[in-house]
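Biologist: Could you teach me how to read a protein structure, one feature at a time? I'd like the general idea, then the case in front of us.

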Amino acid sequence: MGLLDKAIAWGEKKSPWIIHFNAGACNGCDIEVVDALTPQYDLERLGILQQGSPKHADVLVCTGAVTLQTRDRLKQIYDQMSTPKFVIAVGTCACTGGIFDSCYCVTGGIDTVVPVDAYIPGCAVRPEAIIDAVGKLLSTLDQKEAKGK
Ligand code: SF4
């Protein structure tokens with residue numbers, strides 16, 4: 001691994017930039033994601049920064065069950081992110097489709113469209129759980145690096 005690659009890998013672990021996408025949530029989980037980003041929890045102190053463009057983001061934070069209306073947009077956002085990229089499904093709806101799973105316009109959880117690296121069940125998810133999931137995801141990257149994967 002060259003010096004530039006090492007620097008990029010270090011930045012991804014120490015300062016992951018996230019993008020938030022609502023695939024069809026009731027907004028309950030979105031409010032909790034926003035709460036995690038605001039000064040009370042202050043994710044920025046951990047180097048986690050919200051981005052508006054998928055091209056600048058490392059982690060896609062998704063809420064809600066995927067609907068026919070948002071399915072293609074979710075795939076487009078994921079495809080625009082550079083690798084390595086990670087997806088976190090926030091809330092029971094994002095994990096499995098939740099109470100909306102059998103609706104005619106719902107395809108299911110986020111993993112029916114893009115691969116998911118971390119699932120956070122709950123309705124709605126607490127900000128502490130979101131922060132914990134991001135931390136665990138980053139420690140997984142550390143372990144993979146230590147194993148040389
Ligand atoms: S898990 Fe609950 S709060 Fe979150 S989007 Fe689904 S219904 Fe809303």
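Modeller: Happy to, and keep in mind that this is a predicted model. Let's begin with a salt bridge: Asp79 pairs with Lys75, and their closest N and O atoms are 3.1 Å apart.

Biologist: What lets side chains pair up like that?

Modeller: The general idea is that side chains of opposite charge can pair when their charged atoms come close. Here, Asp79 and Lys75 both sit in helix H3, residues 71–80, and they are four residues apart, which is about one turn of the helix.

Biologist: Is Asp79 buried, exposed or partly exposed? And what about Lys75?

Modeller: Asp79 counts as partly exposed because its relative accessibility is 45%, and the partly exposed class runs between 20% and 50%. Lys75 has 36%, so Lys75 counts as partly exposed too.

Biologist: How many salt bridges does the structure hold?

Modeller: There are five. One of them links Arg71 and Asp72, with the closest N and O atoms 3.7 Å apart. Arg71 has a relative accessible area of 34%, so this residue is partly exposed.

Biologist: Which residue does Asp132 bridge to?

Modeller: To Lys136, and there the closest N and O atoms are 2.9 Å apart. Both residues belong to helix H5, residues 127–146, and they lie four residues apart, about one turn of the helix. At 41% relative accessibility, Asp132 counts as partly exposed. Elsewhere, salt bridges that share partners tie Glu32, Arg126 and Glu128 into one network.

Biologist: Okay, on to the backbone. What should I expect of phi and of peptide bonds?

Modeller: Most residues other than glycine have a negative phi, and most peptide bonds are trans. So you look for the exceptions. Asn27 is not a glycine, yet its phi is positive, about 90°.

Biologist: Where is Asn27 in the chain?

Modeller: Asn27 lies in the loop between strand E1 (17–22) and H2. Its relative accessible area is 40%, so Asn27 is partly exposed. Asp42 has a positive phi as well, near 55°. You'll find Asp42 in the loop between H2 and strand E2 (49–50), and it is partly exposed because its relative accessible area is 28%.

Biologist: And which peptide bonds are cis?

Modeller: The bond from Thr83 to Pro84 is cis, with omega near -5°. Pro84 is in the loop between H3 and strand E5 (86–90). The bond from Cys123 to Ala124 is also cis, with omega near -10°, and Ala124 is in the loop between strand E7 (118–120) and H5.

Biologist: Last feature: the ligand. Which residues are around it?

Modeller: Ala25, Cys26, Gly28, Cys29, Thr92, Cys93, Gly122, Cys123 and Ala124. You've met two of those names already: Cys123 and Ala124 share that cis bond.

Biologist: Which helices supply at least two residues of that shell?

Modeller: Helix H2 (28–37) and helix H4 (92–96) each do.

Biologist: How does the shell divide into nonpolar, polar and charged residues?

Modeller: Six are nonpolar, three are polar and none is charged.

Biologist: And which pocket does the ligand sit in?

Modeller: The second largest one. When you go back to the picture, try finding the ligand, then Cys123 and Ala124 among the residues around it.

Definitions and conventions: Residues numbered from 1 in each chain as written. Predicted model: local features only at pLDDT ≥ 70, side-chain atom pairs only at ≥ 80, totals over all residues. Heavy atoms only, no water. Near = heavy atom within 4 Å. 1 Å grid on protein atoms, 1.4 Å probe; cavity = no way out; pocket = protein on both sides within 12 Å on 5 of 7 lines; lining within 4 Å. Sits in = over half its atoms within 2 Å of the grid points. Nonpolar A, V, L, I, M, F, W, Y, C, P; charged D, E, K, R; others polar. Salt bridge = Lys/Arg side-chain N within 4 Å of Asp/Glu carboxyl O. Buried < 20%, exposed > 50% of the residue type's maximum accessible area, 1.4 Å probe, protein only.
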